[in-house]
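Visitor: I'm new here and I like to know where labels come from. Could you show me the structure and let me ask why things are called what they are called?

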Amino acid sequence: MPYITPTTYQPMYPVYIAPPKALSVTALVLGLVSIVFGFTFLVPLGALIFGIVGLKREPAGRGMAIVEIVIGGLFMLFWLTFGGVILAMMFGLTSAVFTSSS
C-alpha cells in the first residue's frame with residue numbers, strides 16, 4: 001500500500017463571520033477610553049488616527065471607524081476648548097495681577 005501524504009488546507013473564515021477588523025476595534029476602544037481619560041489629549045488623538053486608518057484599510061469595520069472618528073473628534077475639540085479657556089483665564093488673571101500692582 002503506497003504512503004499518502006496528508007494535505008493541509010488554509011483556514012477559511014465561515015461566510016457568516018466578518019474578516020478581522022483590528023484597527024477599527026482599537027479605534028473604538030480608544031474612543032470609549034477617551035471619554036474617561038480624554039484630558040490626556042493623547043488618547044483621543046490616537047483614537048482619531050486609528051479611526052482614520054481603519055476607515056481606509058478595513059471596509060468591514062467602517063461603522064466602528066466612523067463612530068470613533070466622531071467620538072474622538074468631539075472629545076479632542078472639547079478638551080482643546082476647555083484647555084484654551086483655562087489658559088486664557090490663567091493669562092488673564094496674571095495680566096490682571098501685574099497691571100493692578102503697577
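## Asking about the labels

Guide: Happily, and bear in mind that this is a predicted model. Let's start with E68, which sits in helix α3, the stretch covering residues 62–100.

Visitor: What makes E68 a residue without a salt bridge?

Guide: A salt bridge needs a side-chain nitrogen of Lys or Arg within 4 Å of a carboxyl oxygen of Asp or Glu. For E68, the nearest side chain of opposite charge is R62, and that is 13 Å away. So the 4 Å limit is not met, and E68 is buried with no salt bridge.

Visitor: Which residues does E68 touch, leaving out those up to four places away in sequence?

Guide: E68 touches A27, L28, G31, A47, L48, G51 and G73.

Visitor: How many helices and strands does the chain have?

Guide: Three helices and zero strands. Read from the N terminus, the order is α-α-α.

Visitor: And how much of the chain is buried?

Guide: Buried residues account for 19% of the 102 residues. As for the accessible surface, it comes to about 7900 Å², with 78% of that belonging to carbon and sulfur atoms.

Visitor: How many aromatic pairs are there?

Guide: The structure holds three. One of them is F78 with F82, at 6.1 Å centre to centre and 15° between the planes.

Visitor: Why is the pair of F78 and F82 called stacked?

Guide: Ring centres must lie within 6.5 Å to pair, and planes under 30 degrees apart count as stacked. With 6.1 Å and 15°, F78 and F82 meet both conditions, so the pair is stacked. Both residues lie in helix α3, four residues apart, about one turn of the helix.

Visitor: What about W79 and F82: why is that pair edge-to-face?

Guide: Here the centres are 5.6 Å apart and the planes are at 85°. Planes over 60 degrees apart count as edge-to-face, so 85° earns that name. W79 and F82 are three residues apart in helix α3, which puts about one helical turn between them. Ring pairs link F78, W79 and F82 into a cluster.

Visitor: Why is W79 called partly exposed?

Guide: Buried means under 20% relative accessible area and exposed means over 50%, with partly exposed in between. W79 has 24%, so it falls in that middle range. F78 at 45% and F82 at 42% are partly exposed too.

Visitor: What makes L87 fit into a nonpolar patch on the surface?

Guide: Patch members need over 30% relative accessible area, and Leu counts among the nonpolar side chains. L87, in helix α3, has 45%, so it passes that cut-off. The patch is formed by F78, F82, V85, I86, L87, M89, M90 and F91, with about 810 Å² of accessible area together.

Notes:
Residues numbered from 1 in each chain as written. Predicted model: local features only at pLDDT ≥ 70, side-chain atom pairs only at ≥ 80, totals over all residues. Heavy atoms only, no water. Helix = DSSP H or I, 4+ residues; strand = E, 2+ residues; numbered from the N terminus. Buried < 20%, exposed > 50% of the residue type's maximum accessible area, 1.4 Å probe, protein only. Lys, Arg positive; Asp, Glu negative; His and termini not counted. Contact = heavy atoms within 4.5 Å. Phe/Tyr/Trp six-rings, centres within 6.5 Å; stacked < 30°, edge-to-face > 60°. Areas by Shrake-Rupley, 256 points an atom, 1.4 Å probe, with all protein chains shown as cover. Patch = residues over 30% accessible without salt bridge, like charges linked within 9 Å, V, L, I, M, F, W, Y side chains within 5 Å.
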